[in-house]
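Please open the structure in your viewer and keep the selection tool at hand. We will go from stop to stop, and at each one you will hear what to select and what is there.

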Amino acid sequence: MQDIYIGRQPIFDRDLNVFAYELLFRSGTQNHAGEFDGDQATSQVIVNAFIEIGLDQIVGDLRAFINLTRSFVTSSTPLPFPKDRVVLEVLEDIHPDAEVIAGVRNLAAQGYSVALDDFVFNDTLKPLIEVAQIVKIDLMAMTREQLDDHVRLLRAYNVKLLAEKIETQEEYEHCKALGFDYFQGYFLSKPNIVQGQQLPPNRLTVLQLLSKLQNPDSEAGEIEMLVSQDVALSYKLLRYINSAFFALPRKIDSIRQAVVYLGTQSIKTWVTLLVVAGLGNKPAELVIQAMQRAKMCELLAQTAKRPHTEAYFTVGLFSLLEALMDAPLEKILEALPFSDDIRNALLKQEGPYGEALTCVIAYEKGDFLRARFDRLAPSQMTDTYLASARWADQSASALGSQ
């Protein structure tokens, strides 16, 4: 796991209630940004806030102010933000040329709230003021007389005023008397650092794929598209399905045929196995053990005539995901759309799925007194164990030949 950081400074309304938080780039626990590339810093703040840590954990149900560099303002690529949760800050060092003005107007037309950061008035900024909702004025960048003049000039526009870098009680009182709507600065609250943890990028990609595969609402067409987007995965799956392990009566030469022939749930299972087996840098025995656990959990449920045998398979397979992914299981499960029953089975070995997992782990350890499931006889336990071992070995052999 890799530690990640994001700075968060509150913005207050006139009643000193927190109105929003400005999100700030931080590379560590030190409460300052240091030297950084603007585009990279903005990208990192976006990724950490929306993907790694989660916006709800950082700002709750309030808004987030996010700094945008020129390339983000002028980009034709749509921003991946919920419009009601963010305020986009146009940085003061962005020259307001025609391309920037068009970009800001486009963002406003899409429904985003726009704030002008560290604002110092000049005529070239008028087109931006006309589309902005909030203007942020840096108290440290001007005298009190200049501040008063700015407030008078901006009253002609339909914008809210935010006083930033308030350092003293006197400055706060003066800005409040001038009619400022929002307030921000060390006098009111210093930024604090929110820390999270990030899965390594390759593991994160695997989790995203596994998440989609394990979604019970995904349909055949979605599975086909998902697999088809990965050339290597498509190749492996078709080679795998056409191997001697399956002994199919005719050749399968497309992902669509594979989904139709084997069924959505079966395809999900085999693709999941391919993904897990392809994690790399892990002992082959660990993957085989995960596969054997999955099959034995499934066979126990089938023998006991339990419903939802595919869920038993999932619990067995993912019971070793912590070792395979080099990350805490609790963190991994946050990214996977599992039911509470599956989560409880994996984390606490509780419930019907947890009962099967407990039995399988006990059998692996030779603890046959605890290796019990439903009312199955010892001979049935042995049969399921041997059958799952054969299946795992044959599957791993087919996977390894690709």
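## A tour by selection

Start by selecting Arg293, which lies in helix H13, residues 284–303. Keep in mind as you go that this is a predicted model. Is Arg293 buried or exposed? Its relative accessible area is 8%, and since buried means under 20%, Arg293 counts as buried. Now show its side chain together with that of Ser319: the two make a polar contact at 3.0 Å. Leaving aside neighbours within four places in sequence, Arg293 also has Gly316, Leu320, Leu357, Val360, Ile361 and Glu364 among its contacts.

**Next stop: the strands**

Select strand S5, residues 113–116. In a regular strand, side chains alternate between the two faces of the sheet. Here Ser113 and Ala115 sit on one side, with Val114 and Leu116 on the other, and all of them are buried.

Now add strand S4, residues 86–90, which pairs with S5 in the parallel sense over four bridges. Look for Val87, which stands opposite Ser113. Bring in helix H4, residues 98–109, and you have a right-handed β-α-β unit made of S4, H4 and S5.

Then add strand S6, residues 134–138, which runs parallel to S5 and is joined to it by two bridges. Ala115 stands opposite Ile134 here.

While you are in S6, select Val135. Its relative accessibility is 0%, so Val135 counts as buried. Which residues does Val135 touch, not counting those up to four places away in sequence? They are Leu116, Phe119, Leu154, Val159, Lys160, Leu161 and Leu162. Try the distance tool on the C-alpha atoms of Val135 and Leu162: they are 27 residues apart along the chain, yet separated by 6.0 Å.

**Last stop: the rings**

The structure holds eleven aromatic pairs. Select Phe19 and Tyr182 for a stacked one, with 4.2 Å centre to centre and 15° between the planes. Phe19 is in strand S2 and Tyr182 in strand S8, so this pair ties together parts that are 163 residues apart in sequence. Add Phe65 as well, and you will see a cluster of Phe19, Phe65 and Tyr182 linked by ring pairs. Phe19 is partly exposed, at 23% relative accessibility, whereas Tyr182 is buried, at 12%.

For an edge-to-face pair, select Tyr312 and Phe373, with 6.3 Å centre to centre and 90° between the planes. Both Tyr312 and Phe373 are buried.

Finish at Tyr21, where Arg8 lies over the face of the ring, 4.3 Å from its centre.

Conventions
Residues are numbered from 1 along each chain as its sequence is written. This is a predicted model: local features need pLDDT of at least 70, side-chain atom pairs count only at pLDDT 80 or more; totals for chains, interfaces and linings use all residues. Side-chain values use heavy atoms; hydrogens and water are left out. Buried means under 20% relative accessible area, exposed over 50%, partly exposed in between (1.4 Å probe, protein chains only). Two strands pair if DSSP finds at least two bridges between them. A crossover is right-handed if, with the strands pointing away from the viewer, the path from the first strand over the helix to the second runs clockwise. Contact means heavy atoms within 4.5 Å. A polar contact is a pair of N or O atoms within 3.5 Å; within protein, one must be able to donate a hydrogen and the other to accept it, and residues adjacent in sequence count only if both atoms are side-chain atoms. Rings of Phe, Tyr and Trp (its six-membered ring) pair if their centres lie within 6.5 Å; planes under 30 degrees apart count as stacked, over 60 as edge-to-face and the rest as tilted. A charge sits over a ring if NZ of Lys or CZ of Arg is within 6 Å of the ring centre and within 35 degrees of the ring normal.
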